[in-house]
Structure formats: structure tokens, C-alpha cells
Amino acid sequence: MKKFFYPDHAAIIGVSDKSSNLGKNIIINLMEFGFTGSYEAVGREGGMLFDKPIYPSVLDVPHELDLAMILVRAELVPDVAEMCGQKGIKRLVISTGGFSEYRPERKALEENLLAVCQKYGMRFIGPNCLAVVNMENGLFLPFSPYRSAKWKKGPVSIISQSGGIAMNLSQHLSHHKIGVGKVASIGNKLNVDEVDLLQFFLDDPETKIIYMYLEGLPRARELYEMACAADKPILIHKSNTSDTSHEISHSHTASLASDDTVVEAAFRHAGIIRVQNFEEAIDCIKMLSLPPLKGNRLACMACGGGGSVMAADEAGRNGFTLPAFPRDFLDWLEERGRAKVITVTNPIDYGDLYELDLHIGALERMRQLPGIDAVFYDICYNEEWEKLVLSEGFQMLFDYLSRVNESSEVPVIVRPNLGDLELWESVNRRITAPVFETIQGCFHAMRKVREATQARRISKPIATPTISTAPTIDTILQDAGRQGKTFLDHEGYGILKALNISVVKQQLVQRKDADAVFETNISYYPVALKALGAEMAHKTDVGGVRLNIRDEKELSAAMAAMVADERLTSASGYLVQEMVNEGVEVIVGGKRDPQFGPVVVIGLGGIFVELFADFQLAVAPVDMTTARHMIQSLKGYPLLKGYRGGAPLDIDFLSKIIQRISDLMANFPSIREIDLNPVRVFPQGEGALVIDCKVFL
């Protein structure tokens, strides 16, 4: 990927000296941004541009080239690529639109282009893209003219399917004093895609933060694994979020693991910061440009009681705590208050501290308190007040806020509390560090960045583990395949036993031997009776489940009723299971996602899990650490931990079930879904039992 950003000799193809020519704008941009390499203009009509020749063909350029920027009509692109191949160029950026994104029948043009590039071993970005930028060497290939004064070199590199979003975000980041390093607009991503570029940016020493705008994730699994191993923050705006899967959800697991839900979970566990819009992206990038938060303990200063309450509300809403200040610090503040009418707490209402040097002193002291991880400062500012009274004080404060985060381990996070856009711009210009526009956006960004940082500490790619009993599971699956089965009912319990997952006591009765149940001496009443069969995935809906059968007489009657029930004529057999009412009901499942591959799910509530919407997903395979983290992330985790004096449940055993189902999904691609629902979890040390199991192939 390096030559896309660091070419020594580039050609811009599609240039003329006409005022409306877009290729001409690319030459202007290279001059404006001071490209340090050499470049040549190529256009069929030839001529001169800015005292340099326009070569009629790339083959006419008298020296070697390592990058070509192509901006000609779509139908000409394969032929131009052919000439680039003959010239020995190995990297192309194809800005031209009008391929399959325009009309499906133009897919043939893309196939021709791919064939040419494969023939010559060329890689290309695009087509239908706005091009490539590298602020380090002045490579600036968009076909719209830009002013270098509006762009700032910075630590953020951008990968975007939308050229407009890439350019707009770059200018916003420059305006907010963060800046941009490299930009790749990838358009149709017919050859080079986000995964190729992500690896390059992860290795690029100039890139510190990576932002991606993506509409599709064709290599989602690779992206996820790279993010898990990454040591740089990654932000992704994944749009186009409607479900792409049209399969019927056969199980609770499949229903919970909808397409975008899996994307959300995968990003969260990989430590990817998912953003929904420009404002959220900019706030999160600002937060990432400050010293990292080591914990969730904040000290806050705000102007007035209302501002203090708002800060406290946002802190609580986003999972931050406001520790009480030590007495000596409170005494220091109270001694310096003018009116002596405001009680000093955290957040501090600094309406009683009029001298701005006291604000600096308070911020410095808060940064150095042992129990504080960050300081939030909601600064009130009035231009007329500055002119009349405190111009020197404000300048001193602005200088302090501009430099305080350069060497501090405890960030000072600044939000100007202003009601006027011009005032905000005035403060934004005078404080050279990033400042936040809204208190809500600021705290939301703090939370998202902190959660992603925590996730990156535990996320890591995990190799597919081996299963010692894999031959047993293989036999079960192969037998099902020979019989043409796509749904396993009682056979699923055999898979669970092979995984050393405890299942409820049960006895299988084949349909032809239905009378045999009356002769069986079952010692574990009460029992449940369940009909089995490919059409019995949702047994309760068709009368295929009878519960709390107390003795052999009731069992005989229930069996006779099921045999006679017209809705159950397709039943292949029956399962008699011990009734278990103790423990807390959870669901554990797995699904094969079309984008990310195998995923696992844990949810609280058993058959009511969708109603409660209390579940967690992760991409498989997962280790015990991730399995425990999934459980601890449930809203109902206190119930499992031991609620209101209740006994803590066997979370270790539940974690093992999650891990083993994860291993199963990772090792056996023929399994589309597995649904353990309910699983009853017992007190610590007593394990858990699977009550019902469904497997779909």
C-alpha cells in the first residue's frame, strides 16, 4: 500500500488546459499542497499546462512512473489501465465513476478492468472515488480544488467509501485543531479495500488514530481480527444498517443476532469505537487526542448551580463517579470565595471564584488529587466581560488550557459554555487544544473512548481451539447429513454431552415404540413430555410440550394425547425429561453470521430473553475472560452475582458453557445455529443444566 501514499513519480491521466477540466484541478492541488515527488500530466489532446507538457499517452512519458491517477470516461478506463500496465506502473487510483454503482450492466467494465490489472500485477483504489491524500508529502489527488491553508497535518488517517465524507471530515478535523494525516477514498473498493488499507495505517508511524466510513463489510472477519490485535484506536461509522439476511429466524439465538446487532457486538468486543455521525466522530477523536483516562473518577468545575447539576447528570448517565474532595482542598477553595454563599462540592460551582488565576489554581490542584482520573471544566465566557474587566486573566486562562494536556497524565477536558456561535469560534481560536461544543457530546465521547480502551485491553484474536471429542461430534453430524437432516433435536444433547455440558435427565422414545414408555420405570417425576421432529422447532406452538407430569398414569395419558393429535403427526419420537424448576434461566446460543462467521450469545430470561432484551454477543471463538465479561455486561448480572442476599450463581460453569459452544461453532461450520434455552444456572459450585437444545445445520 505504501506507493499509493508515497509515490516518487506520478501521472495524472485525463488532463487538459480547459477551465472545466477536473484533471487540471488535481495538478493545481499538487502545486498548492507542495507535493514533494514529481508528476506529469497526460491527456489525449496534448498541449501545455503551467509550463509543463501534457503527454498524449502515458506511454509517451519519458521516465518511469509508480502511480497513475485516472480520471477519464468509464468506458476508456480498461484501455488506459492497459497502457499503464505496459508502462510498468503498479499502482492506480481510479477516480472515474459510472461503473456498476451507476448501472448493473456496467459490471462488464469492472471485470475488464480487473482482468487487465491482474495481467500486469497492478493494484488499484476505486473506481468511483475522490482519491488519495498524504499531508506528509503533499500528495493531494482530489479533483476539486482545495486551499492548503484550510488543512492541518495531524494524527488521524481516514478510509472512506464516500469521498465527500472523507473530505468534509478532514476539513472539520483541521478546523478543530486536530488535523489529518492520510486519506483514502475507496469508492467501489473493487480491488483495494478497507482491510488492505487498515493494515497499512496500523503499521504507519505517522497514523495515531484511524477513522473509517463503511457501507458494507465483505471482509468483516478479517477486519475484526485486525482490530482485536491493534494498538491504535479505530473509529468506524458503519452505515447501511438495515438487515441483509432474509433467513427465517428459527431460534431465539438467530432472532437476537440480527445483522447490525452482530456488527455492534463485534465492534464493541474488538475495541472499535462505533460512531453514528460527524459530531460524534469529532468528539471521540478530540477525546482520543487528550491524555487517556485511566479510570472513571472525575472532578468537575461548572458555572452556576444549573451547570453543576448538568455535569453531575451527564457523569452519572455515562458511568462516571464524582468522588468527594479532601477537606484541605475544600478549605482552600472556601477561603478564596468572594461571597461565601456557595457550598463547595464535586462538581464545583465556581460562581463564587471571580479571579481567573484561581480557576487555574483549582484545576491544577484537582489534577493532582490522588483519586481523580480527569477534570471537566465548563468555562463561561463573555466577550464584553473580557473587554471590561478580565482581558489579561482570560488570556492567561486560555494559554493554560492550551498547554495543560501536553504533559499531563490527567486530562483537563474543556467545554466553553456559550450561547453564541461567534463567541464559541472566538474561544476555539484562542485555545489551541481541542474543546467540546456540548456537555452531552463531551461525556458521551468520554464514555465511548473509555469503553473501547477497556475492551482493547482484553480483546485479542484467538486461534480456533481443538476439541478432544471432535470425532464423536463428527459422527453425530455425519449421521444427520446422511439422513438429510437440517434440524437436530434429541441428537443435539449428544453433542452437548460430548462437550461435557450437563443436560437434564431424559429418555428418548421413538414413535414406533411409543407404547414402550408405559413399561419404563422413570424415577424422576415430575417430568415433561416433548414431541420431536424437523417441524417441531417451536414445540409449544403446536401443542408438542406437556409439563409437570406427576406419575406414570399421567405420562401414559399425555403420550396417548400426543399420538392422537393431528398437529403432531410428523413427530419422529418423544422425549421424557425431568422437570427442573430451580436456578435462574438463561439462554446460550451460537449462530453463523454471514459477515463475521460464528458468534455466541448469552441472555438472561430464558424464553423471555427477547422481551427483556438483556443479552450479549461476541464473535467466536471466545476465551474464559471474554465469556465472563459477556456475563458481567448483562443488565441482570446482579441477579447472577447474588441479588439482595441471594446465593451467587455458578458463573464459572456458565462461562465454560459459553466457551464450549463458541469452540463448537468455530470448529464445525455445518452448524448454522445452536440454541440452549433454557439453561438453568444453580448456586456457585453446583453447575448448570441445559433443559432444551436445538441445532440447525
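A: Buried means under 20% relative accessible area, exposed means over 50%, and partly exposed lies in between (1.4 Å probe, protein chains only). Phe-50, at 39% relative accessibility, therefore counts as partly exposed. This is a predicted model, in which local features need pLDDT of at least 70 and side-chain atom pairs count only at pLDDT 80 or more, while totals for chains, interfaces and linings use all residues. Residues are numbered from 1 along each chain as its sequence is written, and side-chain values use heavy atoms, with hydrogens and water left out.

Q: What is the sign of phi at Phe-50, and where does Phe-50 lie?

A: Strands (E, at least two residues) and helices (H or I, at least four) are DSSP runs, numbered from the N terminus. Phe-50 sits in the loop between strand S3 (48-49) and strand S4 (52-55). Its phi is positive, about 50°, although Phe-50 is not a glycine.

Q: Is Ala-131 buried or exposed?

A: Ala-131 is buried, its relative accessible area being 1%. Ala-131 belongs to strand S8 (residues 131-134). Here too a residue other than glycine has a positive phi, near 105°.

Q: How many helices and strands are there in the chain, and what box do its C-alpha atoms fill?

A: The chain has 23 helices and 29 strands. Taken along the principal axes, the box filled by its C-alpha atoms is roughly 100 × 80 × 40 Å.

Q: What percentage of the chain counts as buried, and what is its accessible surface?

A: Of the chain's 697 residues, 56% count as buried. Accessible areas come from the Shrake-Rupley method with a 1.4 Å probe, and for residues only the protein chains shown count as cover. The chain's accessible surface is about 29600 Å², and carbon and sulfur atoms account for 50% of that.

Q: Which residues touch the most other members of the largest nonpolar core?

A: A nonpolar core is a set of buried Ala, Val, Leu, Ile, Met, Phe, Trp, Tyr and Cys residues joined through side-chain atoms within 4.5 Å. The largest one has 58 residues, and those touching the most other members are Leu-141, Leu-198, Met-212, Leu-223, Ile-234 and Phe-596. A second, separate core of 50 residues includes Ile-476, Val-503, Ala-627 and Ile-674.

Q: Which residues does Met-212 touch, and what percentage of the chain's contacts join residues 24 or more positions apart?

A: A contact means heavy atoms within 4.5 Å. Leaving out residues up to four places away in sequence, Met-212 touches residues including Ile-159, Glu-194, Leu-198, Leu-223 and His-237. Among contacts in the chain with a separation of 6 or more, 71% are between residues 24 or more positions apart.

Q: How many disulfides are there by the distance rule?

A: A disulfide is counted when a pair of cysteine sulfur atoms lies within 2.5 Å. By this rule the count is zero. Cys-228 is in no disulfide, and its nearest cysteine sulfur, in Cys-284, is 19 Å away. Cys-228 is buried, at 4% relative accessibility.

Q: Why is there no bond between the sulfurs of Cys-442 and Cys-300?

A: The sulfur of Cys-442 is 9.0 Å from the closest cysteine sulfur, in Cys-300, which is too far for a bond. Cys-442 is also buried, at 0% relative accessible area.

Q: Where are Pro-347 and Pro-526, and what is omega at each?

A: The peptide bond from Asn-346 to Pro-347 is cis, with omega near 10°. Pro-347 is in the loop between helix H12 (327-336) and strand S16 (348-349). Another cis peptide bond joins Tyr-525 and Pro-526, with omega about -5°. Pro-526 is in the loop between strand S20 (506-510) and strand S21 (527-532).
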